[in-house]
Structures are given as structure tokens and as C-alpha cells.
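Please read the following report alongside the sequence and the coordinates. It is meant for a reader at the bench who wishes to see how the parts fit together.

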Amino acid sequence: MTSTDGPVPDAATTTVPDSASGESRNRRSAALSGRERIVPTRPDWAAAAIPAHRKPLPILTRDAIGQAGTTATHTRLSGKNRAQNDSGWPPEIAALRERGSQIRRETLEDLEGYLHSLTEKAEANGVVVHRAATPEDAARVVSRIAAEGDVKLVVKAKSMATEEMHLNAHLEGQGIEVVETDLGEYIVQLADERPSHIVGPALHKSQVEVGALFNELAGQQIPQEAEDLAAFARERLRTDFRRADMGITGVNFAAADTGTLTLVTNEGNADMVTSQPRIHVAVMTLEKVIPRFRDLAVLVPLLCHAATAQKLTVYLTMLNGPRRKDEADGPEQLHLVILDNGRSSIVGGPYEEVLACIRCGNCQIACPVYRTVGGHAYGSVYGGPIGAVLTPLLENTRDGADLPFLSSLCGACYDACPVKIPLPDMLVDLRADYESRAARPRRLLWRLWARLWDSPVGFRLTVIALRVLGPLLPRALVRLLPGPGKGWATGRALPAMGNAGRFRSWFAGRRAL
Amino acid sequence: MSGIDLAEQFRAALTALDGVAHLCTSAAEAHDRVVDLCAAASVVIDEGHPDTAGLAERLRLVDDPWEAAVGVTGVDVAVAETGTLVLSWGPGRRRSTPLVPPVHVALVPLHRLVATYADAIDVLAAMNPAPSGMQLVTGPSQSADIEMKLVKGVHGPGQVHVVLYPQPDRACT
């Protein structure tokens with residue numbers, strides 16, 4: 001092989017200001033440089049941590065609908081829904097849907113067995129496999145790998161599992177820079193927002209918003225066509241692909257019989273992230289395992305159709321292991337982190353089928369509530385119908401137990417689901433679960449009241465107490481209620497309690513006439 | 001279906017994705033076409049693939065894929081129905097070659113064409129020993145992350161050229 005020493009003008013687009021090799025190696029992110037100029041405009045949507053105390057649903061939805069851009073997002077999502085779902089499943093995909101549904105349920109019948117086989121195969125292929133019970137455990141595993149590998153800069157391809165772990169915030173807390181490289185993820189990272197959709201993280205952003213964001217990042221006006229903006233991101237991210245010490249990705253499918261990890265993307269960033277840095281960490285939630293490599297023939301086209309109406313995405317990356325001795329590139333280490341986060345306790349229960357999900361995001365697009373309020377209104381990692389079902393079931397997000405109420409129960413999510421998860425039934429059952437739990441103190445209050453008003457004495461006592469004490473209370477008192485009570489009280493005021501019992505005396509007077 | 005039919009089907013599928021298919025009548029013509037496509041540009045080539053043999057000395061090679069304008073590869077199989085290229089990694093078959101340079105040129109003799117994606121999965125499943133990894137490429141890199149507008153060439157190559165040609169000594173699959 002020959003080599004040219006002089007400048008290479010036709011490769012000018014790939015020029016990096018400082019060399020990616022040697023001692024002067026710059027290990028800070030180029031893509032994020034200028035990030036400090038960006039002022040996040042939607043702190044409620046911040047990615048770092050979802051507020052421990054979520055606002056009550058009526059407030060969340062009201063705020064979401066009031067956000068600038070919600071109507072435009074609704075219009076875009078509705079167009080996508082019409083294009084994707086109005087004509088139903090084409091016959092060849094309908095056949096894959098039947099087969100895919102079976103494969104996913106077959107997986108759940110022996111999930112632990114397939115995970116065991118996956119672990120054995122992957123380890124035999126040279127992959128280091130880690131099991132993590134909680135998102136915190138998983139984040140610690142990744143941090144440890146980073147610390148042992150002297151990692152300063154991480155490039156990342158999109159992964160919902162790492163969103164469950166709030167991994168970026170965790171690594172940044174250790175002084176490690178993390179750069180999202182999927183264009184949509186890069187956009188929401190710069191804006192410091194959570195992804196609003198499973199496969200289209202920046203679907204809620206208009207081109208104008210993205211343009212303004214990139215202007216702030218660049219510190220100057222840059223060309224604003226979609227192509228220009230993508231080219232700007234490409235240039236900045238290319239530098240980081242070369243500089244990064246570690247790449248982090250999700251996993252779409254992990255084949256138990258071969259240990260093959262498959263990633264489905266359109267931009268090529270996952271290929272960069274898995275091939276350029278010296279360490280690759282793949283993070284999967286445990287239900288991503290599939291029985292056989294050959295199942296990819298069914299599940300990949302099914303996922304591609306449901307997610308983006310493509311026959312196949314541009315890139316399918318299939319990884320068996322790290323770089324081998326005789327190979328010129330690829331990561332020296334490949335780690336697989338398998339995250340549970342409460343999923344193994346869903347197996348065998350009434351909601352087991354939710355783990356059949358292949359994360360296409362089509363139920364979100366099909367959902368009229370999701371399209372109207374947007375993904376952030378759910379206040380959780382996963383929005384839309386799948387999020388409303390999954391969030392209450394996962395270990396670290398059980399406070400989202402009221403999310404099943406954020407649905408019209410129209411059933412569109414079932415029709416849109418490539419693996420036929422009965423989401424509408426689950427939403428109804430989860431509502432019943434919620435009521436049977438949350439209603440207990442309320443039922444006690446009703447019972448006390450009934451006991452009191454069972455006797456004329458008890459009734460008169462409450463009336464007198466209200467007439468005397470009621471006027472002493474400020475009418476805005478209910479607005480001081482903490483927590484969920486605050487949501488209930490919005491727009492409400494105490495009745496004029498000085499009048500308590502007045503109706504009865506008035507009525508008694510009328511009768512006397 | 002004959003190799004020519006598959007080639008026509010492949011060309012239609014790739015063209016629909018903004019890729020470019022070149023149909024040649026012989027291996028020699030195919031190599032000439034690759035040299036034309038690369039012109040004076042800097043090139044990285046996968047020399048570990050039999051279908052690229054003899055091409056390297058006719059191209060202006062560089063060592064670093066990041067310095068190259070074009071990456072030239074062979075393929076394991078190509079899928080007629082979808083216009084997909086299947087590349088496995090190994091000695092002289094780098095992950096970066098079809099990925100890092102802005103233009104990817106692939107050589108596909110007709111006997112490497114299969115009809116469907118499922119056929120390609122069968123071929124990959126049968127590979128023994130299994131490679132360290134594989135990449136399936138269906139057209140130029142794209143994104144719709146900015147207001148769902150389709151943009152080409154985001155991280156992977158924005159241009160994909162596939163040069164198809166018959167090899168008389170090899171039967172079509």
C-alpha cells in the first residue's frame with residue numbers, strides 16, 4: 001500500500017484542527033464546544049433527572065399544550081401518522097407481524113435461559129458481559145469501565161436504556177464528556193432536553209429552533225437549510241469520532257445463539273461509535289435478547305417498517321466481538337451491559353407482553369393524546385402508550401403510576417404495534433391497579449363522613465362547626481395544599497361556609513308557611 | 001431469477017435510494033469504472049477482498065481512511081430486492097473503509113447477488129467461522145431528524161456507487 005505525504009485537498013472536509021494522534025492529542029469534544037452559550041429554554045424537559053415529584057397530570061398536560069410549538073409538532077406527527085398507519089399493514093409485513101409477535105413471546109417464555117445463552121456466546125466471542133439490577137448499578141459499571149480505560153471523551157449512539165440510567169449526567173459528574181451523535185439526540189442534548197420520541201428524539205423541534213440552537217453553539221450565524229444544519233453537525237461530530245476514547249450504544253437485538261448484537265440506524269453514527277474508539281460499551285435492557293440470529297430476517301424488516309416505513313434502514317451493524325489480532329481497526333474492548341430495572345419481576349405477571357416491545361415508536365405516532373401533548377408531557381423516559389404502560393412497571397419510575405390515565409383508550413396503539421402488545425387492555429388494568437392502591441385513604445375519608453352523618457347529632461355538629469370555623473379559613477386555603485392536592489385545587493376555592501346549614505333552616509321556614 | 005434480472009432489480013432498488021448502480025459487462029470494465037469513479041481522489045481500499053485484486057496499483061492510495069475521499073470495497077453478498085450491500089470484517093477488510101470516506105464504491109460480481117434480505121441473513125448465519133462483525137448498507141447515509149426533512153450523508157457516505165459485473169466462471173446463486 002502506498003501513501004501520500006502532502007496535503008490532500010479533496011479530503012478537506014475531514015480536516016481536524018489538531019492531530020488525533022500523538023502527544024498533542026486533544027481529548028475534549030469539538031461538537032460540544034460553545035455549548036455554554038446555549039441557554040436551555042425548557043428546564044422541565046431537562047434530561048439530567050426527571051423531577052422526583054412529577055406534577056399532576058392535568059397540570060402537566062395543560063403546560064404541555066401551552067408550550068410554543070406544540071401545535072406545529074401535532075401537525076408534523078399527524079402527517080407522519082397518516083403516511084405510516086392509514087393504509088394498514090401491507091400483506092408481506094402483516095405476515096412478518098404474526099411471526100414477529102410469536103418470536104417475541106417465545107423469548108419471554110424462557111427469558112433467563114436465552115440471556116444465559118447470550119452471555120455464554122458473547123463471552124466466548126471476547127465480549128465482557130455485565131449484569132446490572134438497577135440503573136444505578138449499570139451506570140456504575142460503565143463509569144468503572146471508563147475509569148479503568150482512562151476515558152475522557154465518549155461518543156454515544158442513541159439508546160433508551162442509557163436514558164433510564166441518566167448515564168450522561170452520571171459520566172459528566174465524573175468529568176467525562178459525553179457527546180450524542182445521532183443528529184436528533186445531538187439536537188436535544190444541546191438544548192438540554194429529553195428525547196420526545198423513541199426513534200425521533202427531536203421530533204418536537206422545528207427547523208427554525210434547530211437553526212437558532214446551532215447559531216448559538218457556533219457563536220455566529222450559520223446557513224439555515226436542513227442540509228446546512230446537518231452538514232454543520234456532521235463536521236463537528238466527525239472530529240469527535242476520531243478523538244473519543246469510548247463509544248456507547250444501545251442494542252436493538254441480541255441473538256442468544258450467536259451472541260450477535262444488532263444496531264439499526266440510518267445516519268451511520270452507530271457504525272462510527274462502534275468502530276473508531278478503542279472501547280465500545282453496548283447497553284441493553286434484558287428483553288432485547290432474541291432466540292436466534294435468523295430471527296433478524298423477521299424482526300429487522302418489521303422494526304424498520306413500523307418505525308420509519310423503510311424496507312431496511314440504511315445501516316445494520318452486527319457485532320460479534322472486539323477487533324481481532326489480524327484486523328486493522330475496531331475497538332480493543334467490547335462490553336455488554338444488561339440492565340434489568342424491574343423487568344424480571346414483570347415476567348410471568350399480567351403485563352409480561354409489554355416486554356415484547358421492539359421500540360419502534362409507532363404507538364406514539366398513532367396515539368392522539370401523544371400527538372397532542374407531546375412526549376415531554378409524560379414526564380418520563382418513555383412517553384406515549386408504551387411509556388404509559390411501562391413507566392409504572394419499571395423499578396425506578398413507579399411514581400408514574402398515573403400515566404395510564406393519559407390515554408383516550410381509542411385502541412390505535414394496538415393496531416399500530418408490530419408485535420401486537422395489547423396496550424389498551426393494559427392501560428385499563430393499570431388504571432384499576434392505580435385506583436385500588438391510591439383510593440384507599442380516600443375510601444377511609446368517605447367512610448368517616450358516612451359514620452358522622454349517620455346520626456342527627458353528628459350531622460348538626462359538623463354544620464355548627466363549619467358555620468363557626470369556616471369563615472375563619474381564607475378562601476384560597478385549598479391552593480396551599482401540597483403535592484397532588486395542588487393540581488386538584490387549581491381553579492377551585494372553598495365555598496362560603498358561613499352559610500352551612502342555611503338551606504335546611506330556609507326550607508323549614510318555607511314549610512311552615 | 002437470472003443474475004441479470006437480479007442486477008436490474010438491485011439497480012432499481014438502489015436508484016430509488018439515491019445510490020448509483022453501474023452495470024458492466026466484465027471484471028475488466030468494472031475495474032476501469034472504479035478507476036474512473038475515483039479519478040485523482042485519495043482512496044482507501046479493502047485489499048483483503050478477492051474482488052478488489054489488482055485495483056490498488058491503479059488508485060491513489062492513502063493509509064488513513066480519515067484522509068481519503070473514497071473507500072473501495074468488495075462485498076460478501078448484495079440484496080437485489082433492497083439494494084443492500086453486506087460486508088463482513090476481517091484482515092484487509094476494515095470497518096472504516098465503507099464508512100469514513102464521503103464516497104463508497106463497491107464491486108459486486110453478479111454471483112454475489114441474492115434475491116431477498118432473508119436470503120442474506122441465511123448466508124451470514126452460515127458463515128463459519130463467524131467474522132468479528134458485519135455491516136449492511138442500504139443506500140447513502142440519511143437522517144430525517146430536522147423537521148422530518150430527508151438529508152443525505154450525515155455521518156456515513158453521502159454517495160454510494162455499486163459496480164455490478166458478471167464473472168463467467170462463477171454460477172449465479
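The report goes from the overall form of one chain to the contact between the chains, and then to single residues.

## Chain A as a whole

The structure is a predicted model, and its values are computed from that model. Chain A has 513 residues, of which 46% count as buried, and its secondary structure comes to 20 helices and ten strands. Measured out along the principal axes, its C-alpha trace spans about 115 × 55 × 45 Å. When contacts in chain A between residues at least 6 apart in sequence are taken together, 76% of them join residues at least 24 apart.

## The contact between the chains

The contact between the two chains takes 57 residues from chain A and 47 residues from chain B. On the side of chain B that touches chain A, at least two residues each come from strand 3 (60-61), helix 3, strand 9 (133-138) and strand 10 (142-143) of chain B. Strand 9 of chain B gives the largest share of this side, with six residues. By class, the side of chain B that touches chain A is made up of 24 nonpolar, 15 polar and eight charged residues.

Strand 9 of chain B pairs with strand 9 of chain A (residues 315-319) in the antiparallel sense, over five bridges. Within this pairing, Met318(A) stands opposite Met134(B). The two strands belong to an open sheet of eight strands with mixed pairing, in the order 8(A)-5(A)-6(A)-9(A)-9(B)-6(B)-5(B)-8(B). At the edges stand strand 8 of chain A (289-290) and strand 8 of chain B (113-114), each of which has a single partner strand, so that one side of each is left without a neighbour in the sheet. Further along the sheet, strand 5 (residues 253-255) and strand 6 (residues 261-265) of chain A run antiparallel and are joined by two bridges, with Ala254(A) placed opposite Leu261(A) in strand 6 of chain A.

## Helix 12 of chain A and its two partners

Helix 12 of chain A packs against a helix of chain B and also against helix 3 of its own chain. The table sets out the two pairs.

| Helix pair | Angle | Axis distance | Crossing |
|---|---|---|---|
| Helix 12 of chain A (residues 296-308) and helix 3 of chain B (residues 117-126) | about 135° | 9 Å | right-handed |
| Helix 3 of chain A (residues 91-109) and helix 12 of chain A | roughly 120° | within 9 Å | left-handed |

For the pair between the chains, the angle of about 135° makes helix 12 of chain A oblique to helix 3 of chain B. Here Leu296(A), Ala297(A) and Pro301(A) in helix 12 of chain A meet Tyr117(B), Ala118(B) and Ile121(B) in helix 3 of chain B, and the residues of this contact divide into six nonpolar, no polar and no charged.

Within chain A, helix 3 and helix 12 are likewise oblique to each other. Ile93(A), Leu96(A), Arg97(A), Arg99(A), Gly100(A) and Ile103(A) in helix 3 of chain A meet Val298(A), Leu299(A), Pro301(A), Leu302(A) and His305(A) in helix 12 of chain A. The residues of this contact are divided into seven nonpolar, two polar and two charged. Pro301(A) thus appears in the contact with helix 3 of chain B and in the contact with helix 3 of chain A.

## Single residues

Ala416(A) is found in helix 16 of chain A (residues 412-416), and it counts as buried because 23 other C-beta atoms lie within 10 Å. Leaving aside residues up to four places away in sequence, Ala416(A) touches Asn85(A), Asn362(A), Cys363(A) and Ala366(A). Ala416(A) and Ala432(A) are 16 residues apart in sequence, and their C-alpha atoms are 24 Å apart in space.

Leu409(A), in the loop between helix 15 (384-390) and helix 16 of chain A, has a positive phi near 55° although the residue is not glycine. With 16 C-beta neighbours inside 10 Å, Leu409(A) counts as partly exposed.

In chain B, Met148(B) also has a positive phi, near 60°, in a residue other than glycine. Met148(B) lies in the loop between strand 10 and strand 11 (151-152) of chain B and is partly exposed, with 17 other C-beta atoms within 10 Å.

The loop between helix 3 and strand 9 of chain B holds Pro129(B), which is joined to Asn128(B) by a cis peptide bond with omega of about 5°.

Conventions: Residues numbered from 1 in each chain as written. Chains lettered and ligands numbered in written order. Predicted model: local features only at pLDDT ≥ 70, side-chain atom pairs only at ≥ 80, totals over all residues. Axes fitted to C-alpha atoms, helices over the stretch in contact; angles between N-to-C directions. Helix = DSSP H or I, 4+ residues; strand = E, 2+ residues; numbered from the N terminus. Parallel < 35°, antiparallel > 145°, perpendicular 65-115°, else oblique. Left-handed = near helix turned anticlockwise from the far one by under 90°. Contact = placed C-beta atoms within 7 Å. Nonpolar A, V, L, I, M, F, W, Y, C, P; charged D, E, K, R; others polar. Buried ≥ 20, exposed ≤ 12 C-beta atoms within 10 Å, placed from the backbone. Pairing = 2+ DSSP bridges.
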